[in-house]
Each structure stands twice: as structure tokens, then as C-alpha cells.
Amino acid sequence: MVAGVALIPNWSAGAAVTNDPTVDAATKATFQKLADAVFTDRTQALVDGSTGARTEHTKGFHGSVRLSGGQSHQQSSALGQLRARKDRLAKLGEKYSAGSTTVTLDATEVHGRSAKVAVTETTSLTYKPGTTSAKGPKTTGFQAHHELTFQSGRHGDWQLTGIKDTDDGYLAVNQVAAPAAPKDKTPATSDDGPPTAPRAAISYPGPANPKKLTGGAYDYKAMVTYAQKYWNHYNTAYPDYNGEGAGGDCTNFVSQVLKAGGWKHVPGYTDDYTKWFGTADIQSDSFVGVNEFSWFALASKRVTPLADVYQADLGDVIQMDFNRDGSKDHTMVVTYRDAAGVPYVTYHSTNTYNRSVASLVASYPTAYYYAYRT
């Protein structure tokens with residue numbers, strides 16, 4: 001969730017694709033199979049031992065459905081970027097031994113020779129034994145939403161001409177496009193305004209800074225349990241801000257996690273960053289906004305900044321500023337820390353479970369990172 005952008009829960013944001021019940025099942029299946037092949041290829045490009053074009057599922061499509069010339073070029077470029085990311089990950093000690101992607105079709109809209117298709121991608125990657133990441137969880141996974149556009153030729157053959165990621169703040173491990181810079185972003189600080197969060201280093205391993213996980217004011221196990229339960233199954237006791245145009249649900253989710261672990265409401269005006277509260281009916285800006293959350297957390301002294309992202313432990317919070325403009329874009333919570341000292345984060349928009357910090361650094365090496373001990 002980004003600061004300074006109007007928040008619209010997804011139940012009022014409206015669907016980008018209006019489902020057409022007259023589209024026949026065979027056409028829908030054709031669209032779904034090609035979409036599955038596209039995203040399966042992107043996932044497999046990250047798997048250790050994948051052998052390039054010989055494993056590309058999209059190469060087998062022709063006739064009734066296929067990639068357009070332009071989209072074929074974009075797919076090839078995407079696979080090249082992901083294979084380079086695989087190499088960067090390997091240098092950080094992270095490899096995947098297997099990957100699994102499935103795509104479900106959510107809605108299909110056809111107008112003459114043009115079609116739009118909304119799909120949900122569900123991907124899981126298995127950490128390879130013998131690597132640093134193997135000391136952590138066995139798998140990482142996410143769900144993402146996409147809108148595909150097709151054009152039909154004179155003989156009824158459909159060509160995939162475009163792919164758009166429709167999660168706000170889309171941040172999946174097989175993502176290739178940089179997250180879009182939100183509009184009307186709120187400045188991160190001012191001379192006499194909210195406190196400034198110092199940037200965290202991304203050097204592995206981070207300096208020793210052990211965290212006491214039991215006996216304190218907060219229940220970090222409860223935080224992790226909540227995140228595990230609701231990372232892709234949203235709690236209906238809160239609004240859902242995920243979806244195109246809704247603004248992003250990442251900070252809303254992290255606030256819920258912290259609340260489950262013992263953070264107490266501080267009631268007041270919604271736009272007062274020194275207040276923090278969230279219910280089904282009303283949320284403070286600090287409960288749902290990236291920058292506002294940082295301001296509240298620091299001003300209330302509920303967190304202390306960490307010098308390095310690799311110091312983060314269970315229940316700690318990590319934020320990112322993708323384009324380094326001083327305004328933060330994304331909020332995540334640590335749900336695992338492996339024996340090698342690598343934290344793993346869980347977040348919404350895109351819904352992701354136990355993604356390693358090493359993977360984030362390999363995917364976004366030029367971003368600014370911020371880490372908070374809760």
C-alpha cells in the first residue's frame with residue numbers, strides 16, 4: 001500500500017474484465033492453456049538446471065492460439081532477465097530445485113476480434129537442498145493476477161498480444177517489469193514533520209543483533225501464525241485493498257499481523273500519523289499507508305531501525321522504496337529466519353509467503369530498504 005493514493009477496497013473498485021457467459025468453453029480453455037504456459041516458462045527460468053528454449057512450453061502453441069510476434073519477443077526478453085536473476089540468486093546462496101505454476105481463468109470478455117482475459121497465477125518454488133536457502137522453509141509461493149489481451153485473425157486464430165499485472169505493487173519472484181511508481185506519493189519526511197527512517201544495508205551477513213522472541217510485550221509466534229493463515233486467504237474482518245486501482249493491501253496486512261501479536265489501537269483522527277487503528281469500518285492512514293506506518297511506528301517507539309535487512313527476525317517489518325525517491329512503496333513482515341541468518345518475508349499485493357530477503361535483493365538490487373525491529 002502506498003501513501004498519498006486514494007484507498008478503495010476491492011469490493012468497490014470494479015472488475016477490469018467483465019465476464020461474458022456466451023464465450024464457449026473451448027475458447028476459454030485455449031486462453032487458459034496459453035496463459036499457463038507463459039507463466040510456467042517464467043517460473044521454470046528460475047529453476048536450477050533449466051535448459052532454455054528446449055523447456056519452453058509456449059513453443060508448442062500454434063494454429064488456434066499462439067504468441068504474437070511482439071509478445072514472443074517480450075517473452076524471450078523476460079526469460080532472459082529471469083535466468084540472469086537465477087544467476088544472481090545462486091551467488092547469494094539461493095537455488096530452486098523445482099517450480100510449479102497453475103493458472104485459473106477468472107473472467108473472459110470478447111468483443112469481435114478482441115478479447116480480454118483475467119487470470120490468477122499460483123506459483124510454488126522448492127528451495128534446492130545443499131544451498132543456503134535450504135536451511136529455511138522448503139518452499140516459497142505466491143498468487144498473482146494478470147489481464148491478458150488477445151487479437152483474432154481472419155481464420156479465428158487467437159494471438160496473445162499483451163500481459164498486464166493487475167495487483168497493486170506487484171512484487172512476485174518471476175516478475176520482470178519494475179513496479180510502477182505510484183502517483184501523488186506523499187513525501188517521506190519534512191523538516192519539522194514525521195520521523196525519518198534510516199536506510200538499511202543489504203549486506204549479508206548482517207551484524208549480529210539477536211532478537212528476544214519470548215517473554216516480551218509482543219507474541220511473535222501469533223504474528224507468524226496470523227500471516228500464515230491470511231497470506232492468500234484474506235480476513236473478512238478488514239477491508240481488502242488488493243486489486244487494480246484499490247491501492248494495495250500490503251501495509252493493511254502487516255498492521256493486522258502486528259495487531260494479532262499484541263499491538264494496541266491508538267484511536268484518533270484517521271490522518272493523524274501518531275494514531276493507529278483498523279477495523280472493518282475504519283482504518284487510520286498509519287494502518288494502511290506505507291509511509292504513515294513508518295512515521296507512527298518510529299514516533300510511538302514501537303519499533304527501532306535495523307542497520308541491515310539481514311538482521312530482521314520474526315515479526316520484524318521490512319519496507320522498500322523501488323525508485324529511491326524518498327517515499328516508501330511496499331511493506332512486508334518477517335515470518336521465518338533460517339539457520340544461515342536469512343530472513344523470509346510474507347506480504348500482500350502480490351500475495352506471497354516466505355520469500356527470502358536474498359531473493360528481494362537479487363530482484364531489486366537498486367531499491368532502498370528499511371528494516372524495523374518490533
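**Close-up views of a predicted model**

**View 1. Surroundings of Pro-195 in the loop between strand S5 and helix H4.** With a relative accessible area of 26%, Pro-195 is partly exposed, because that value lies between the 20% under which a residue counts as buried and the 50% over which a residue counts as exposed. In this predicted model, the loop that holds Pro-195 connects strand S5 (158-165) to helix H4 (220-230). Leaving aside residues up to four places away in sequence, Pro-195 touches Tyr-273, Trp-295, Leu-298 and Ala-299. One of these partners, Leu-298, lies 103 residues from Pro-195 along the chain, yet the C-alpha atoms of the two residues are separated by 6.5 Å.

**View 2. The buried and exposed faces of helix H4.** The buried residues of H4 are Tyr-220, Met-223, Val-224, Tyr-226, Ala-227 and Tyr-230. These residues lie on the same side of H4, because the arc that they cover around the axis is only 160°. An α-helix has 3.6 residues a turn, so residues three or four places apart point the same way. The cover over the buried residues of H4 includes helix H5 (250-260) together with the strands S8 (330-337) and S9 (343-347). On the face of H4 turned away from the buried side are the exposed residues Lys-221 and Lys-229.

**View 3. The start of helix H4.** Here a side-chain oxygen of Asp-219 comes to within 3.2 Å of the backbone nitrogen of Lys-221. The residue that contributes this nitrogen, Lys-221, is also one of the exposed residues on the face of H4 turned away from its buried side.

**View 4. The chain as a whole, as context for the close-ups.** Eight helices and eleven strands form the secondary structure of the chain, and 51% of its 374 residues are buried. Of the contacts between residues at least 6 apart in sequence, 70% join residues at least 24 apart. The chain exposes about 15,800 Å², of which carbon and sulfur atoms supply 52%.

**View 5. Stretches with pLDDT under 50.** The average pLDDT of the chain is 87, and 87% of the residues score at least 70. Over residues 1-6, however, pLDDT stays under 50, although the model has 28 contacts beyond four places in sequence for this stretch. Residues 187-191 likewise have a pLDDT below 50, with nine contacts in the model beyond near neighbours in sequence. Where pLDDT is low, the predicted coordinates should not be read in detail.

Note on methods. Residues are numbered from 1 along each chain as its sequence is written. This is a predicted model: local features need pLDDT of at least 70, side-chain atom pairs count only at pLDDT 80 or more; totals for chains, interfaces and linings use all residues. Side-chain values use heavy atoms; hydrogens and water are left out. Helices (H or I, at least four residues) and strands (E, at least two) are DSSP runs, numbered from the N terminus. Buried means under 20% relative accessible area, exposed over 50%, partly exposed in between (1.4 Å probe, protein chains only). Contact means heavy atoms within 4.5 Å. The arc is that of the directions from the helix axis to the C-beta atoms. A polar contact is a pair of N or O atoms within 3.5 Å; within protein, one must be able to donate a hydrogen and the other to accept it, and residues adjacent in sequence count only if both atoms are side-chain atoms. Accessible areas come from the Shrake-Rupley method with a 1.4 Å probe; for residues, only the protein chains shown count as cover. pLDDT is the predictor's confidence in each residue, from 0 to 100.
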